[in-house]
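Open the model in your viewer and keep the selection box handy. We will go from stop to stop, and at each one I will tell you what to pick and what is there.

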Amino acid sequence: MHRVVALVRPPQSTFELACAAQVFGIERPGLPTRYAFGVCAERPGPIATHAGYDMIVTKGLDALDGADTVIVPGWLPAGDPPSPEVVRALRRAHSRGARVVSICSGAFALAHAGLLDGRRATTHWALAGELAARFPHVRVDPDVLYVDHGDVATSAGAGAGVDLCMHLVRTDQGARYAAHIARTMVMPPHREGGQLQYSAPPHPAQIDGTLAPLLEWISGRLGEPLTVESMAAHAGVSTRTLNRRFADQLGTSPGQWLLARRIATAQDLLESSDLPLDAIARRVGLSSATNLRRRFRNALGTTPGAYRRAFRAGPRTGR
């Protein structure tokens, strides 16, 4: 059982905490329970929240000593430094091998603890400038939804906390397990693009020219030789317009989105079937086992064979 502990502080943002609790703390029918979720605070007892109620937290910082993953679900006000006791607890958890994760403004707590020095990290787009100014040794990326270094991970604004938590589940348990959780939450298992697509009001094209029907059409034809031209023709727009809509709505290009969808489908087939690599490659539109291996390694840093061995044999324990 992988133990996840969230460190909260008053006034706690309930949504960021709920992101972690919903992914790691719910038992779901038909899905083996592989996470144990808990909450702790520097000073146990009533913890005020931004939602107008207090919550009772019974565990102190020593709960972090038994965690495989430590999550800081927001840190407000962001300018308030954590106490020396919290800094030591975060450093101690990291040094013994726990994965330390922040959601939204929680990146400030990790930065105060020195866990982001010399590393790429993210936070809410409205706080990115402040994080970069206060911690010049942190390479702040204001666009991405999350950054994962394996031992340390940060997410953008509150909703991106779900994206990061789902990514961690995929890393721990495989894409099929994560997809099951996503279905119960009525959300996609992976969002495309970065957070800057949400930092300004949507363009009219995002409302009048939604890509949803096209994405569904593409997903049902991954094995076919799709091109940007054929996608544009199906949508009844020029390739230039299609590229602009993908950039506006998804923060990526049609080709990059298609490749990500093909790799995700390949992951599912590697976990759920005994199909040879050539058959999987043809089914997802990557033509050959050689191309599948190359694309897989570039995207995920591993080989299809290694991925299948890891997730067909059962979930990983600990980190």
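The tour below visits helix pairs, a few loops and some backbone angles in this predicted model.

**Stop 1: two packed helices**

Select helix H1 (residues 14-24) together with helix H5 (residues 160-173); they pack at an angle of about 30°, with their axes 9 Å apart. H1 and H5 are therefore roughly parallel to each other, and their crossing is right-handed. Now show the side chains where the two helices touch: Cys19, Ala20, Val23 and Phe24 come from H1, while Gly161, Val162, Cys165, Met166, Leu168 and Val169 come from H5. Colour this contact by class and you will find 9 nonpolar residues, 1 polar and no charged ones.

**Stop 2: along H5**

Keep H5 selected and switch on its surroundings. Is this helix open or enclosed? Of its 14 residues, 13 are buried, so H5 is largely enclosed by the rest of the structure. Try a distance between the end C-alpha atoms of H5 as well: they are 20 Å apart, in agreement with the 20 Å that 14 residues should span at 1.5 Å a residue. Step past the end of the helix to Gly174, which follows H5 and has a positive phi, near 100°.

**Stop 3: a second pair**

Next, pick helix H8 (residues 212-219) and helix H11 (residues 254-272), which pack at an angle of about 45° with their axes 11 Å apart. That angle makes H8 oblique to H11, and H8 passes H11 in a right-handed crossing. In the contact, Leu215, Ile218 and Ser219 of H8 meet Trp257, Leu258 and Arg261 of H11. By class, these residues of the contact of H8 with H11 divide into 4 nonpolar, 1 polar and 1 charged.

**Stop 4: helix H10**

Select helix H10 (residues 239-250): its 12 residues reach 16 Å from first C-alpha to last, close to the 16 Å expected at 1.5 Å a residue. Which residues of H10 are buried? They are Thr241, Leu242, Phe246, Asp248, Gln249 and Leu250. Right after H10 comes Gly251, whose phi is positive, near 70°.

**Stop 5: His50 and its contacts**

Jump to His50, in the loop between strand E3 (45-48) and strand E4 (54-57). His50 is exposed, with a relative accessible area of 51%. Beyond its neighbours within four places in sequence, His50 is in contact with Pro11, Gln12, Ser13 and Leu76. Two of these contacts take you to cis peptide bonds. One joins Pro10 and Pro11, with omega about -10°, and Pro11 sits in the loop between strand E1 (2-8) and H1. The other runs from Leu76 to Pro77, with omega near -5°; look for Pro77 in the loop between strand E5 (69-73) and helix H2 (84-95). For a longer view, draw a line from the C-alpha of His50 to that of His167: the two atoms are separated by 27 Å, and the residues are 117 apart along the chain.

**Stop 6: positive phi without glycine**

Finish with two backbone checks. Cys104 is not a glycine, yet its phi is positive, about 55°. Cys104 lies in the loop between strand E6 (99-103) and helix H3 (107-112), and is buried at 7% relative accessible area. Ser287, also a residue other than glycine, has a positive phi near 70°. Find Ser287 in the loop between helix H12 (277-283) and helix H13 (289-300); at 53% relative accessibility, Ser287 counts as exposed.

Notes:
Residues are numbered from 1 along each chain as its sequence is written. This is a predicted model: local features need pLDDT of at least 70, side-chain atom pairs count only at pLDDT 80 or more; totals for chains, interfaces and linings use all residues. Side-chain values use heavy atoms; hydrogens and water are left out. Axes are lines fitted to C-alpha atoms, for helices over the stretch in contact, and angles run from 0 to 180 degrees between N-to-C directions. Helices (H or I, at least four residues) and strands (E, at least two) are DSSP runs, numbered from the N terminus. Angles under 35 degrees count as roughly parallel, over 145 as roughly antiparallel, 65 to 115 as roughly perpendicular and the rest as oblique. A crossing is left-handed if the near helix is turned anticlockwise from the far one by less than a right angle, and right-handed if clockwise. Contact means heavy atoms within 4.5 Å. Ala, Val, Leu, Ile, Met, Phe, Trp, Tyr, Cys and Pro count as nonpolar, Asp, Glu, Lys and Arg as charged, and the others, Gly among them, as polar. The expected span of a helix is 1.5 Å times one less than its number of residues. Buried means under 20% relative accessible area, exposed over 50%, partly exposed in between (1.4 Å probe, protein chains only).
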